[in-house]
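Trainee: Got a minute to go through a structure with me? I'd like to talk about how its chains meet.

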8 protein chains.
Amino acid sequence: DFAKLDYHRGIRVGYPEVIYCEGKELEHLKKIVEDMLKQDKNILATRVSKEAYNAICEITDNLIYSEVARVCVINPKETKKVGLVAVVTGGTADIKVAEEAAITLETFGNNVDRIYDVGVAGIHRLFNNLDRIKRANVVIAVAGMEGALASVVAGLVDVPVIAVPTSVGYGANFNGLSALLTMLNSCAAGVSVVNIDNGFGAGYIASTINKRVAKGVE
Amino acid sequence: DFAKLDYHRGIRVGYPEVIYCEGKELEHLKKIVEDMLKQDKNILATRVSKEAYNAICEITDNLIYSEVARVCVINPKETKKVGLVAVVTGGTADIKVAEEAAITLETFGNNVDRIYDVGVAGIHRLFNNLDRIKRANVVIAVAGMEGALASVVAGLVDVPVIAVPTSVGYGANFNGLSALLTMLNSCAAGVSVVNIDNGFGAGYIASTINKRVAKGVE
Amino acid sequence: DFAKLDYHRGIRVGYPEVIYCEGKELEHLKKIVEDMLKQDKNILATRVSKEAYNAICEITDNLIYSEVARVCVINPKETKKVGLVAVVTGGTADIKVAEEAAITLETFGNNVDRIYDVGVAGIHRLFNNLDRIKRANVVIAVAGMEGALASVVAGLVDVPVIAVPTSVGYGANFNGLSALLTMLNSCAAGVSVVNIDNGFGAGYIASTINKRVAKGVE
Amino acid sequence: DFAKLDYHRGIRVGYPEVIYCEGKELEHLKKIVEDMLKQDKNILATRVSKEAYNAICEITDNLIYSEVARVCVINPKETKKVGLVAVVTGGTADIKVAEEAAITLETFGNNVDRIYDVGVAGIHRLFNNLDRIKRANVVIAVAGMEGALASVVAGLVDVPVIAVPTSVGYGANFNGLSALLTMLNSCAAGVSVVNIDNGFGAGYIASTINKRVAKGVE
Amino acid sequence: DFAKLDYHRGIRVGYPEVIYCEGKELEHLKKIVEDMLKQDKNILATRVSKEAYNAICEITDNLIYSEVARVCVINPKETKKVGLVAVVTGGTADIKVAEEAAITLETFGNNVDRIYDVGVAGIHRLFNNLDRIKRANVVIAVAGMEGALASVVAGLVDVPVIAVPTSVGYGANFNGLSALLTMLNSCAAGVSVVNIDNGFGAGYIASTINKRVAKGVE
Amino acid sequence: DFAKLDYHRGIRVGYPEVIYCEGKELEHLKKIVEDMLKQDKNILATRVSKEAYNAICEITDNLIYSEVARVCVINPKETKKVGLVAVVTGGTADIKVAEEAAITLETFGNNVDRIYDVGVAGIHRLFNNLDRIKRANVVIAVAGMEGALASVVAGLVDVPVIAVPTSVGYGANFNGLSALLTMLNSCAAGVSVVNIDNGFGAGYIASTINKRVAKGVE
Amino acid sequence: DFAKLDYHRGIRVGYPEVIYCEGKELEHLKKIVEDMLKQDKNILATRVSKEAYNAICEITDNLIYSEVARVCVINPKETKKVGLVAVVTGGTADIKVAEEAAITLETFGNNVDRIYDVGVAGIHRLFNNLDRIKRANVVIAVAGMEGALASVVAGLVDVPVIAVPTSVGYGANFNGLSALLTMLNSCAAGVSVVNIDNGFGAGYIASTINKRVAKGVE
Amino acid sequence: DFAKLDYHRGIRVGYPEVIYCEGKELEHLKKIVEDMLKQDKNILATRVSKEAYNAICEITDNLIYSEVARVCVINPKETKKVGLVAVVTGGTADIKVAEEAAITLETFGNNVDRIYDVGVAGIHRLFNNLDRIKRANVVIAVAGMEGALASVVAGLVDVPVIAVPTSVGYGANFNGLSALLTMLNSCAAGVSVVNIDNGFGAGYIASTINKRVAKGVE
Ligand SMILES: Nc1ncnc2c1ncn2[C@@H]1O[C@H](COP(=O)(O)O)[C@@H](O)[C@H]1O
Ligand SMILES: Nc1ncnc2c1ncn2[C@@H]1O[C@H](COP(=O)(O)O)[C@@H](O)[C@H]1O
Ligand SMILES: Nc1ncnc2c1ncn2[C@@H]1O[C@H](COP(=O)(O)O)[C@@H](O)[C@H]1O
Ligand SMILES: Nc1ncnc2c1ncn2[C@@H]1O[C@H](COP(=O)(O)O)[C@@H](O)[C@H]1O
Ligand SMILES: [Mg+2]
Ligand SMILES: [Mg+2]
Ligand SMILES: [Mg+2]
Ligand SMILES: [Mg+2]
Ligand SMILES: [Mg+2]
Ligand SMILES: [Mg+2]
Ligand SMILES: [Mg+2]
Ligand SMILES: [Mg+2]
């Protein structure tokens with residue numbers, strides 16, 4: 001009774017509740033997974049530590065775990081994938097956040113193009129991949145340190161850019177504050193921002209955009 | 001020669017360069033407007049103070065000025081409007097930011113539905129207007145003080161929510177920081193955030209989404 | 001002699017001194033418990049780590065320990081409970097703070113109604129429980145991430161709301177700063193705020209209110 | 001249509017909507033007052049600048065204005081006053097915030113005892129007035145600079161203390177941040193805090209407490 | 001006697017003392033200029049308001065004033081200019097800071113190439129000017145908002161980049177903090193940073209580098 | 001050669017160099033102690049972890065270690081003690097910082113009176129000890145959480161108060177920031193402040209004051 | 001009755017109450033001065049704006065006003081001056097804060113030596129004046145920008161240094177925060193710090209030290 | 001394919017890509033080293049933990065590791081060293097950052113003079129070494145705590161000073177923020193700043209300056 005699962009959400013906002021594992025007692029977590037499994041749907045769990053993963057395995061072994069993204073897809077289903085979302089990163093250390101976004105997108109039925117390590121320190125790498133980026137309905141730009149990638153991309157494409165600041169860096173980076181402020185102050189328009197390291201949130205909103213575009217409502 | 005106008009942008013990202021007037025010398029501003037008028041396009045200018053407005057009037061009188069939004073549409077054109085974007089605000093003091101977004105959207109060819117003063121202090125006002133909100137392809141949620149509106153809206157709809165924190169409030173509001181952090185930490189997924197008081201930025205990205213949806217590409 | 005216990009407090013402010021265990025040397029802690037046990041009263045200890053709990057057990061085994069709330073009631077007494085305080089949380093990860101409040105309230109002689117996991121991401125869960133909330137003399141609203149719960153509740157009830165921001169979240173949450181600022185800037189009146197994760201403080205002040213209401217002084 | 005007045009609030013939370021004038025266009029303000037006057041109730045307006053006051057006077061002259069508190073009571077009614085709230089301040093510069101609280105309380109039907117300039121720089125002034133303070137159902141403690149008053153009062157009484165940090169001070173006061181943090185970290189329990197300079201908010205919650213105590217519900 | 005002019009500095013560090021006018025009483029300022037004029041040197045004064053300029057004019061009319069840079073060169077001398085420093089800006093609103101740097105450089109005997117309004121919103125403008133930038137011994141990169149220009153430039157050239165964050169922007173820009181953090185966290189190496197809006201400081205250190213390079217010591 | 005010991009300091013400022021152990025490699029530390037021992041003086045080492053203590057023991061066993069204060073007196077000498085410094089704390093968790101101050105004072109030849117756990121939560125404990133406090137030439141006030149102790153003491157005595165904020169607390173305490181700001185904004189005059197948890201610094205400056213008073217120079 | 005003057009303070013802490021004028025209504029201020037004049041003492045008023053000065057003149061013309069320090073000595077008396085306090089500043093713009101300290105000291109009966117504009121940009125100016133500084137019982141070090149003066153002075157003398165950070169500077173100075181942090185983190189011991197721009201506070205505590213030294217109590 | 005190595009950089013900016021090891025998966029790291037070894041160049045890796053070092057050793061044993069600087073030179077080459085850079089530190093705890101700078105400089109072909117532990121607490125140590133410092137083309141000043149060293153050095157020499165704030169210190173040091181702000185606000189001109197603890201960045205830019213000076217281009 002401690003958790004009030006929101007099954008209505010699937011109808012209301014189009015996606016099932018996602019389990020945010022951080023800070024949850026393992027007993028609580030297992031109970032929630034058990035309850036949700038009663039509905040025959042695929043379930044997404046984020047911020048899944050090794051311990052949380054083991055706890056979930058006690059309930060079911062029908063699941064896929066990405067260690068780098070710390071994401072679990074429980075009771076995975078084949079879903080038709082539509083549209084295209086490009087996920088770009090500044091460096092290789094940003095990949096863990098990018099993968100959280102990419103797996104969220106794929107679980108929710110979106111095609112994903114991963115374009116990693118194209119940050120502004122060597123900007124020709126970005127230009128070499130511009131054609132792929134321009135093919136997408138939405139771009140997710142993941143970057144730490146100074147986070148300049150989002151502005152540069154937004155200045156080059158005409159699709160919405162969802163920027164994800166990461167906590168990669170040190171010192172005056174203040175655990176991602178630097179990249180966050182950079183992205184909020186982008187001199188190029190067309191950028192909006194989610195929380196530091198919030199790959200899931202970026203994937204989620206990109207999915208709502210991409211799928212709506214793919215459906216072509218007016 | 002001090003300003004390098006980016007005429008190529010219309011082709012590259014689909015919109016002409018927009019003039020951000022704050023901090024520009026009036027002589028510079030007049031020169032820029034003069035140059036841009038050589039191309040027969042409608043021009044958007046934001047953060048237009050009374051003085052800046054008068055300076056622009058010396059160059060042309062073919063313009064519309066919204067005093068509350070501090071926005072100027074120069075050489076305005078009739079544009080076909082597509083899709084629908086809902087602009088909601090928490091209070092009446094947020095209207096000035098909301099109008100910057102709304103006029104940006106209309107100038108770029110989007111239908112807009114304005115739903116103002118429906119903040120969480122009296123949440124039934126939001127529920128009374130939920131049908132209108134759900135009809136939109138994108139929602140822009142504008143709120144100051146604690147900025148809870150964005151989370152509440154995102155928990156109720158399945159379209160992307162672009163959140164605009166405003167500097168409305170005082171004390172521990174820290175000129176909009178409070179609403180900004182609230183929106184970045186939304187417990188409901190589907191929210192991304194632009195800079196404090198950045199109605200233009202919200203309108204711009206909402207336009208890229210709404211028009212793409214309206215076109216229905218895959 | 002290092003600690004000057006304030007036995008006069010029971011007379012002055014109506015409650016015995018509460019032992020805040022964090023940062024205290026175990027030897028000091030044991031000495032303090034020993035001294036306080038000389039008075040035949042129930043004693044509340046907060047922020048009790050597993051180690052601190054074991055140290056206290058060396059002095060007495062007449063005690064109840066809540067691991068989730070990290071609270072100890074030493075020498076517990078049956079107390080008549082009066083009035084009603086509702087303790088609501090946004091998510092399941094806020095329960096540990098909520099329990100610190102609830103146990104404080106019960107130890108001080110108040111009836112408590114626990115209503116957990118009703119945050120604004122699925123706001124219908126809150127509406128489903130509004131009747132229970134409205135029955136209370138005081139509401140304690142516990143929430144992390146963006147902390148919007150307090151404003152929404154305060155907009156719906158006519159009793160005082162004590163808001164407790166929690167450190168649940170990550171990134172721009174800045175260890176609870178986000179929820180703290182949200183609650184301080186509540187657009188709905190009737191909210192006052194205690195320190196981040198301070199379940200004890202919320203329970204304490206709610207007790208002073210609820211008991212005074214129950215007594216019905218004018 | 002820009003403002004959605006919340007007349008239901010009187011029924012829902014027991015008080016009419018209060019007008020926060022800061023940042024409202026004067027035309028909007030006049031329209032709101034006009035609308036609210038259609039219901040024969042007393043109306044409270046806060047943060048009323050000289051200009052806002054003049055604008056309201058164009059609509060009605062049946063009003064009382066406190067220049068120091070920047071508060072307006074429009075269409076004032078004689079209300080029966082119940083219970084007692086003590087409003088204490090650290091210095092004389094905090095009086096403007098204290099008066100906002102006191103007038104709010106009186107308008108909402110509470111007895112108020114004003115005890116000003118009793119800060120900890122000369123703590124005997126506080127002790128000289130302790131009997132008056134102890135008679136109240138709630139204490140509002142208003143202080144700037146280091147804001148120590150709230151902790152000291154809470155250590156001496158057994159009623160709830162609502163603390164109001166003020167922006168009085170300079171330098172490392174950071175516009176009231178110093179007093180705010182002091183009050184949130186009070187070593188004495190029984191303190192909860194409202195926003196910096198938020199006299200109205202303190203008066204409002206103190207009223208909900210005092211009136212409930214006066215009614216003596218259980 | 002209130003001011004202890006540091007004439008020795010010309011010998012010690014190679015430049016005369018520069019007068020920082022902000023916050024100085026006009027009488028003090030005039031006295032300092034008078035004293036310095038006794039030595040037949042050119043004098044640089046920065047942060048010269050209109051009032052300060054008029055005060056200096058009472059002492060001498062042998063001076064040049066740049067209103068946009070708020071810089072005064074008193075008793076100007078023809079100096080041989082050596083080497084080359086490129087001063088680039090992101091936007092037109094950054095020009096006032098850039099000019100403070102440029103005039104400092106010219107007064108100290110350096111050739112300057114001004115390349116303004118080439119920010120990352122339209123990055124082709126930067127590429128169009130890359131040859132000019134690469135010819136310099138030092139680049140000064142001046143940018144506000146998100147300040148990404150410095151990282152991008154540093155990724156493209158092999159000369160030292162001195163980055164100057166400006167306070168141009170609003171909201172989460174926090175008066176230049178955003179650009180400052182961006183520049184300190186540059187993912188491209190070869191960037192060092194001066195204070196927000198500190199065109200003078202950037203010019204000064206660039207001069208020490210450029211002149212040393214021009215002299216070619218080992 | 002990595003460390004340049006400042007033996008001249010004993011002559012210049014009256015005390016030998018004190019070894020700050022935090023962050024020093026153990027090999028460096030041992031080398032420094034060895035060098036200093038060549039001069040037959042007593043040596044003070046602060047922030048001495050258990051590991052650092054063991055390292056020093058390898059060089060000499062003529063030393064006293066306070067585990068709670070993490071301070072080492074190496075080669076201790078009997079010194080004549082003069083004057084009187086009172087060290088007061090708010091709670092028992094502040095004792096570790098207070099002891100760093102007290103041992104520093106005693107090592108430098110000052111009489112110390114320790115008055116612990118007299119914070120404002122139970123202010124009568126302070127009044128009970130006021131006579132002892134008033135006898136001192138300097139008072140060191142050590143407090144965490146809201147740090148109100150310093151203001152209250154300064155309002156009651158006519159001797160200089162050196163305030164030491166501690167990191168005791170949690171949440172909006174921000175590791176001592178709260179107490180630091182409180183002490184800097186003291187409404188009672190006669191307070192000056194050292195760094196958070198800097199018991200050594202407080203003891204050092206109190207010693208310079210107390211010894212000068214004891215000597216009675218004019 | 002709004003102000004509770006603390007006449008007892010003269011006996012308790014050795015100095016009469018000082019009037020802090022900022023934020024006080026002029027009518028209140030005049031009333032306070034009138035009341036205090038009934039006792040035949042000299043009165044110090046700080047933060048006295050031109051308007052406040054004129055208001056005081058309506059009550060009495062027996063007063064001295066320092067415009068630069070914004071300090072008023074009302075009913076001034078000849079006092080015997082004892083001991084010596086050195087007041088040093090980094091630059092000429094810090095003089096206004098230094099004068100607030102110096103006048104406070106002289107009014108309270110201390111000899112003062114003013115040594116201005118000796119900051120570390122030209123450190124030989126400090127060495128040239130070291131003998132004068134070393135003669136004092138206390139040094140007050142006033143500096144803005146990076147505030148390094150306090151550390152350098154403390155490394156050179158054996159008397160207590162009271163550091164006053166000033167708000168002189170711009171950008172990452174954050175209105176004096178930079179100098180404040182510098183002074184709190186001084187690597188040289190013997191420094192304690194008062195609030196930004198708090199010349200009065202520095203003068204007050206320096207007076208308590210200097211007079212005690214001059215009296216030579218043990 | 002996850003990493004896009006920037007081999008072009010050697011040509012474009014004159015140095016090969018440097019491997020920043022923090023946050024990289026060990027498998028990624030090994031793959032990157034393997035790839036880079038295909039080009040017969042010396043490779044620099046920074047922030048190399050013990051684990052990362054072991055991982056690299058699995059690929060090659062032709063490498064030098066500095067444990068104190070956490071830097072690895074892989075496939076080291078004898079390079080001709082030119083010019084001179086002085087690296088000075090305030091204390092011994094800053095040496096780890098200084099060594100990162102020094103090794104970067106040497107790897108890139110610069111002569112280095114290390115002058116450690118000459119901070120302003122004992123400023124004569126700096127004067128004793130001034131001749132060595134003045135011989136350099138660039139000075140790198142590394143300091144924690146209050147970071148005053150950079151200003152003092154810049155006031156004494158006529159070469160560019162690259163300041164590196166370190167996180168050495170505690171409390172109001174805020175992990176290096178204090179030293180960072182100090183250095184950005186230097187009252188002496190000629191200072192520019194890199195990120196907290198960024199020895200690599202300081203070495204890199206110092207190398208671009210020193211080598212250019214050594215080559216003597218105009
Ligand atoms: N990685 C994540 N970051 C932010 N929010 C998340 C994340 N994963 C899940 N969520 C949200 O957290 C909510 C669940 O919170 P709770 O009720 O505490 O379990 C879900 O509805 C998601 O929208
Ligand atoms: N969890 C808690 N959070 C804040 N304050 C507390 C907590 N538990 C106890 N206290 C307060 O801390 C005081 C004891 O502090 P001390 O003298 O250091 O033991 C008590 O009087 C309580 O009011
Ligand atoms: N410039 C100043 N800065 C800080 N505190 C001051 C200053 N001038 C006076 N004070 C203090 O302010 C108190 C008066 O405050 P109030 O009761 O508000 O008038 C005095 O007791 C002084 O200790
Ligand atoms: N210690 C360091 N601090 C800051 N930047 C570094 C450091 N070491 C290497 N770098 C930079 O980080 C870049 C590599 O980032 P990545 O692509 O994530 O491997 C290199 O081009 C270097 O310029
Ligand atoms: Mg890379
Ligand atoms: Mg409204
Ligand atoms: Mg939940
Ligand atoms: Mg007073
Ligand atoms: Mg431009
Ligand atoms: Mg205690
Ligand atoms: Mg000067
Ligand atoms: Mg040393």
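Mentor: Happy to; let's take confidence, then the interfaces, then a salt bridge.

Mentor: This is a predicted model, in which local features need pLDDT of at least 70, side-chain atom pairs count only at pLDDT 80 or more, and totals for chains, interfaces and linings use all residues. Residues are numbered from 1 along each chain as its sequence is written, chains are lettered from A and ligands numbered from 1 in the order in which they are written, and side-chain values use heavy atoms, with hydrogens and water left out.

Trainee: What pLDDT does chain A average?

Mentor: The average for chain A is 92, and 93% of the residues score at least 70. pLDDT is the predictor's confidence in each residue, from 0 to 100. Where it is low, the predicted coordinates should not be read in detail.

Trainee: And what ipTM does the complex get?

Mentor: The predictor gives an ipTM of 0.94, and the pTM is 0.94 too.

Trainee: On to B and A. How many residues of chain B are in contact with chain A?

Mentor: 37 residues of chain B touch 37 residues of chain A, where contact means heavy atoms within 4.5 Å.

Trainee: What area is buried there?

Mentor: About 3,100 Å² is buried between chain B and chain A, with carbon and sulfur atoms giving 58% of that. Buried area is the accessible area (1.4 Å probe) that two parts lose on being put together, summed over both.

Trainee: How many salt bridges and polar contacts cross it?

Mentor: Zero salt bridges are found across the interface of chain B and chain A, the rule being a side-chain nitrogen of Lys or Arg within 4 Å of a carboxyl oxygen of Asp or Glu. Eight residue pairs, both at pLDDT 80 or more, are in polar contact between the two chains. A polar contact is a pair of N or O atoms within 3.5 Å; within protein, one must be able to donate a hydrogen and the other to accept it, and residues adjacent in sequence count only if both atoms are side-chain atoms.

Trainee: Which elements of chain B supply that side?

Mentor: Those giving two or more residues are α1 (9-13), β5 (82-89), β8 (161-165), α8 (177-184), β9 (191-193) and α9 (199-215) of chain B. The largest share, eight residues, comes from α9(B). Helices (H or I, at least four residues) and strands (E, at least two) are DSSP runs, numbered from the N terminus.

Trainee: How are B and A related?

Mentor: A rotation of 180° with 0.0 Å of shift along its axis superposes chain B on chain A, with an RMSD of 0.0 Å. The fit is by least squares on the C-alpha atoms of residues with pLDDT of at least 70 in both copies. G216(B) comes closest to the axis of the residues of chain B, at 1.6 Å for its C-alpha. The copies meet through the same surface, because 100% of the interface residues of chain B are also interface residues in chain A.

Trainee: What about F and G?

Mentor: Chain F goes onto chain G by a turn of 180° and a shift of 0.0 Å along the axis, with an RMSD of 0.0 Å. That is the relation of a two-fold axis. Between chain F and chain G, the buried area is about 3,100 Å² and the salt bridge count is zero.

Trainee: So how many salt bridges does the structure hold over all chains?

Mentor: 72 over all chains. One within chain A joins the side chains of R47(A) and E100(A) at 3.7 Å, N to O. That pair links distant parts of the chain, 53 residues apart: R47(A) is in the loop between β2 (43-46) and α3 (50-59), and E100(A) is in helix α4 (residues 95-107).
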